[in-house]
Amino acid sequence: MEQVLDIAYAEKQRREQSIQMVHKILEERYDHQPLAYVHSFGCQQNVSDGEKIMGLLAQMGYGFTQSQDEADLILYNTCAVRENAETRVFGNVGALKKLKKEKPGLLLCLCGCMMQQKQVVEKIQTSYPFVDIIFGTHALHTLPQLLHTKLTTSQRHVISVEEQENQIVEGLPTRREGSIKAWLPIMYGCDNFCTYCIVPYVRGREKSRMPQDILAEARELMAQGYKEITLLGQNVNSYGKGLEPAVNFSKLLRMLNEIEGDFRIRFMTSHPKDCTRELLDTIRDCDKVCNHIHLPVQSGSNRILREMNRHYTKEDYLALIDYARKNIPDVAFSSDIIVGFPGETREDFLETLELIRQVGYERLYTFIYSPRTGTKAATMADPVPAAEKSAWMQELLELQGELGQESFEKMVGRSWRVLVEGEGKTEGTLTGRTESNVIVDFKAPKSLIGQFATVKVTKAMKWAVLGELIEK
Ligand code: 5AD
Ligand code: SF4
């Protein structure tokens with residue numbers, strides 16, 4: 001333990017020295033405050049990493065811009081989960097060539113999940129040689145050292161993409177994007193190896209943060225006036241594995257719920273195989289923990305679930321939903337669905353539609369299966385043509401459109417507590433979310449933004465509800 005602390009301390013010293021050195025170099029190099037453009041693709045974990053990257057850049061002296069043309073440093077924090085996310089990144093990087101030519105001092109950085117894949121890094125080195133810094137998910141905290149190397153040597157590419165296991169770096173600065181809702185990572189990596197998924201390969205094995213670090217960060221967020229925290233992890237339900245003294249996700253939720261203040265706790269993502277009755281009871285018991293569970297089922301066919309290595313059956317899943325519905329008032333569910341997994345038949349797909357009807361999700365995140373190099377599913381026979389998969393997807397979306405609206409209809413006439421997040425789409429309206437994560441638009445003064453309000457729902461739309469403010 002002592003040795004680990006020594007390494008962490010030495011690492012922190014190195015990082016802080018590099019921050020100071022880069023700060024000085026930037027002051028000499030620019031006659032203005034250098035500006036960074038940072039874009040995170042993909043999931044909330046990536047957005048949260050992006051906030052740490054921005055925290056480090058700010059400490060080195062960077063300001064931020066939304067315009068690539070104005071930027072002195074452009075950084076893409078990439079996502080590898082599906083091919084279209086990767087294609088988008090390559091397209092954007094290709095377009096930077098012209099910008100780099102016009103402004104040779106422009107620094108281009110690529111990081112995140114895509115950079116943990118060998119074939120991607122090779123492609124960048126050969127096809128996009130104008131990229132300056134490449135680093136993977138394990139090297140985020142070394143950005144100051146990498147930038148320092150780039151600024152002080154003639155190295156064309158500065159690359160750091162090694163896997164470093166079991167290392168959680170605490171104490172990184174964070175520049176959060178919002179002031180009402182905050183992301184709070186509680187663990188990193190994934191041990192599950194669902195056969196379609198690249199995440200365990202690019203983010204490494206599961207590592208949980210110590211509860212005291214999470215609690216300290218949550219308390220700080222409350223002191224800063226945040227009204228909602230979302231705990232993040234690839235599988236929050238297995239939080240705490242390997243930690244001493246023993247702790248699990250339910251215990252962590254109960255500890256967070258004790259923090260004083262009027263705020264909400266959300267979490268994602270829950271894996272159904274680790275979703276216990278204890279956790280569902282905890283959600284019921286803790287007033288700050290939202291009664292909304294994102295519980296990705298992926299498929300309603302037991303055969304496909306087995307092929308996906310999900311470790312639960314449709315029946316196990318439905319039993320969980322049933323227990324939650326009986327025990328947690330107004331509980332709502334959302335899910336991820338993959339359409340067109342290798343070997344999926346029309347019958348399998350119809351089982352997914354049937355399950356969706358049975359559960360009645362508040363919202364679905366739907367994806368057409370995308371083969372990922374290095375995963376088991378990428379080697380499986382996949383005979384269904386793309387056009388047929390798209391047609392299935394369309395059917396799924398239509399069904400969910402109807403079911404979502406039906407579940408919203410049930411809200412009409414009742415009053416709901418809403419966290420007001422900002423202005424709505426139409427003039428004079430605000431938008432917020434109920435505890436069950438439903439979007440509510442209603443007329444109210446802007447001064448309510450960032451506050452809780454009580455709203456009576458008057459109308460159900462396809463993806464949201466409309467309401468009237470009844471109380472401040
Ligand atoms: N193809 C399609 N969807 C995928 N997901 C993960 N990997 C793939 C893939 N190869 C989806 C799953 C997961 C969500 C974050 O992304 O539904 O829950
Ligand atoms: Fe991917 Fe499965 Fe891990 Fe989620 S639980 S990140 S889908 S391997």
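Trainee: Which atoms of ligand 1 and aspartate 336 should I compare, and what distance separates them?

Mentor: A polar contact is a pair of N or O atoms within 3.5 Å, where within protein one must be able to donate a hydrogen and the other to accept it, and residues adjacent in sequence count only if both atoms are side-chain atoms. In this predicted model, an oxygen atom of ligand 1 lies 2.6 Å from an N or O atom in the side chain of aspartate 336, and an oxygen atom of ligand 1 is likewise found 2.7 Å from such an atom of glutamine 298 and 2.9 Å from one of arginine 82. Of the 400 Å² of accessible area that ligand 1 has on its own, the protein covers 85%, areas being computed by the Shrake-Rupley method with a 1.4 Å probe and, for residues, with only the protein chains shown as cover.

Local features here need pLDDT of at least 70 and side-chain atom pairs pLDDT 80 or more, while totals for chains, interfaces and linings use all residues of the predicted model. Residues are numbered from 1 along each chain as its sequence is written, chains are lettered from A and ligands numbered from 1 in the order written, and side-chain values use heavy atoms, without hydrogens and water.

Trainee: Which strands each supply at least two residues of the shell around ligand 1?

Mentor: A residue belongs to such a shell if one of its heavy atoms lies within 4 Å of the molecule. Strands are DSSP runs of E with at least two residues, and helices are runs of H or I with at least four, numbered from the N terminus. Here β13 (332-339) and β14 (363-368) each supply at least two shell residues, and the residues around ligand 1 include Tyr196, Ile338 and Phe367.

Trainee: Is tyrosine 239 buried or exposed?

Mentor: Buried means under 20% relative accessible area, exposed over 50%, and partly exposed in between, with a 1.4 Å probe and protein chains only. Tyrosine 239 has a relative accessible area of 2%, so the residue counts as buried, and its place is the loop between β10 (228-232) and α8 (249-257). A polar atom of its side chain lies 2.7 Å from the backbone oxygen of arginine 209.

Trainee: Where is serine 299 found, and which backbone atom does its side chain reach?

Mentor: Serine 299 sits in the loop between β12 (292-294) and α10 (302-307), is buried with a relative accessible area of 0%, and reaches the backbone nitrogen of serine 301 at 3.0 Å through its side chain.
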